[in-house]
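Student: Hi! I have a structure to look at for class and could use some company. Can we go through it together?

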Amino acid sequence: MARESSCLARVAAGAAVGGAVGGAVGAVWGTVEAIRYKVPGLLKIRHIGQTTVGSAAIFGLFLGAGSLIHCGKSY
């Protein structure tokens, strides 16, 4: 049981780190896109927020899945 909780903690940590990195990248990319495409007014905030959340979710999902795949391997 200790190995499973350790694995769960590793997957959760991977997802959290992926979410943080994805959120940072998404915020920067969303800002660049909003400026480049001249998004009007308060729609800039909405666009940046959607890009940030979407990017954080995708990065978190993939880092969590990668952690899960590597969890069973012993080196």
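**Chatting through the model**

Tutor: Happy to! Let's start in the loop: Lys-38 is exposed, with 67% relative accessibility. Keep in mind that this is a predicted model.

Student: Where exactly is Lys-38 placed?

Tutor: Lys-38 sits in the loop between H1 and H2.

Student: And what is its phi like?

Tutor: Lys-38 has a positive phi of about 55°, although it is not a glycine. For background, most residues other than glycine have a negative phi.

Student: OK, new topic. How many disulfides are there?

Tutor: The count comes to one disulfide. It joins Cys-7 to Cys-71, with 2.0 Å from S to S.

Student: Which parts of the chain does that pair link?

Tutor: Distant ones: Cys-7 belongs to helix H1, which covers residues 2-36, and Cys-71 belongs to helix H2, which covers residues 43-71. The two cysteines are 64 residues apart.

Student: Is Cys-7 buried or exposed?

Tutor: Cys-7 counts as buried because its relative accessible area is 17%, and the cut-off for buried is under 20%. Cys-71 is buried too, at 11%.

Student: Which other residues of H2 are buried?

Tutor: Along with Cys-71, the buried residues of H2 are Thr-51, Ser-55, Ala-56, Gly-60, Gly-64 and Ser-67.

Student: Some of those numbers are three or four apart. What does that spacing do in a helix?

Tutor: An α-helix has 3.6 residues a turn, so residues three or four places apart point the same way. Try the list with that in mind: Ala-56, Gly-60 and Gly-64 are among the buried residues of H2.

Student: Let me pick one. What does Ser-55 touch?

Tutor: Setting aside neighbours within four places in sequence, Ser-55 is in contact with Gly-22 and Gly-26. Ser-55 itself lies in helix H2, and it counts as buried because its relative accessibility is 15%.

Student: How far apart are the ends of H2?

Tutor: The end C-alpha atoms of H2 are 41 Å apart. With 29 residues at 1.5 Å a residue, H2 should span 42 Å, so the two values agree.

Student: Nice. Now Leu-68: buried or exposed?

Tutor: Leu-68 is exposed, because its relative accessible area is 51% and exposed means over 50%. Leu-68 is found in helix H2.

Student: What is Leu-68 in contact with, away from its sequence neighbours?

Tutor: Beyond the residues within four places in sequence, Leu-68 is in contact with Cys-7 and Val-11. You can also look across to Ala-15: the C-alpha atoms of Leu-68 and Ala-15 are separated by 9.9 Å, with their positions 53 residues apart along the chain.

Student: And Ile-69, how far is it from Val-11?

Tutor: From C-alpha to C-alpha, Ile-69 and Val-11 are 9.2 Å apart in space and 58 residues apart in sequence. Ile-69 is in helix H2 and counts as exposed, at 57% relative accessibility.

Student: Could we do one from H1? Maybe Ala-12?

Tutor: Sure. Ala-12 is found in helix H1, and with a relative accessible area of 46% it is partly exposed. The C-alpha atoms of Ala-12 and Leu-63 are separated by 9.4 Å, while the two residues are 51 apart along the chain.

Student: What about Ala-20 and Leu-43, how far apart are they in space?

Tutor: Ala-20 and Leu-43 are 23 Å apart in space, C-alpha to C-alpha, and 23 residues apart in sequence. Ala-20 is in helix H1, where it counts as exposed at 53% relative accessibility.

Student: Last topic: which residues form the nonpolar patch on the surface?

Tutor: The nonpolar patch is formed by Val-17, Val-21, Val-25, Ile-58, Phe-59, Leu-61, Phe-62 and Leu-63. Together they have about 710 Å² of accessible area.

Student: Which helix gives the most to the patch?

Tutor: H2 does, with five residues. H1 takes part as well, since H1 and H2 each supply at least two residues.

Student: How accessible is Ile-58?

Tutor: Ile-58 has 45% relative accessibility, so it counts as partly exposed. Its place is in helix H2.

Student: Great, I'll go back and find these residues in the viewer. Thanks!

Terms used:
Residues are numbered from 1 along each chain as its sequence is written. This is a predicted model: local features need pLDDT of at least 70, side-chain atom pairs count only at pLDDT 80 or more; totals for chains, interfaces and linings use all residues. Side-chain values use heavy atoms; hydrogens and water are left out. A disulfide is a pair of cysteine sulfur atoms within 2.5 Å. Helices (H or I, at least four residues) and strands (E, at least two) are DSSP runs, numbered from the N terminus. Buried means under 20% relative accessible area, exposed over 50%, partly exposed in between (1.4 Å probe, protein chains only). The expected span of a helix is 1.5 Å times one less than its number of residues. Contact means heavy atoms within 4.5 Å. Patches are made of residues with over 30% relative accessible area and no salt bridge: like charges are joined within 9 Å, nonpolar side chains (Val, Leu, Ile, Met, Phe, Trp, Tyr) within 5 Å. Accessible areas come from the Shrake-Rupley method with a 1.4 Å probe; for residues, only the protein chains shown count as cover. A salt bridge is a side-chain nitrogen of Lys or Arg within 4 Å of a carboxyl oxygen of Asp or Glu.
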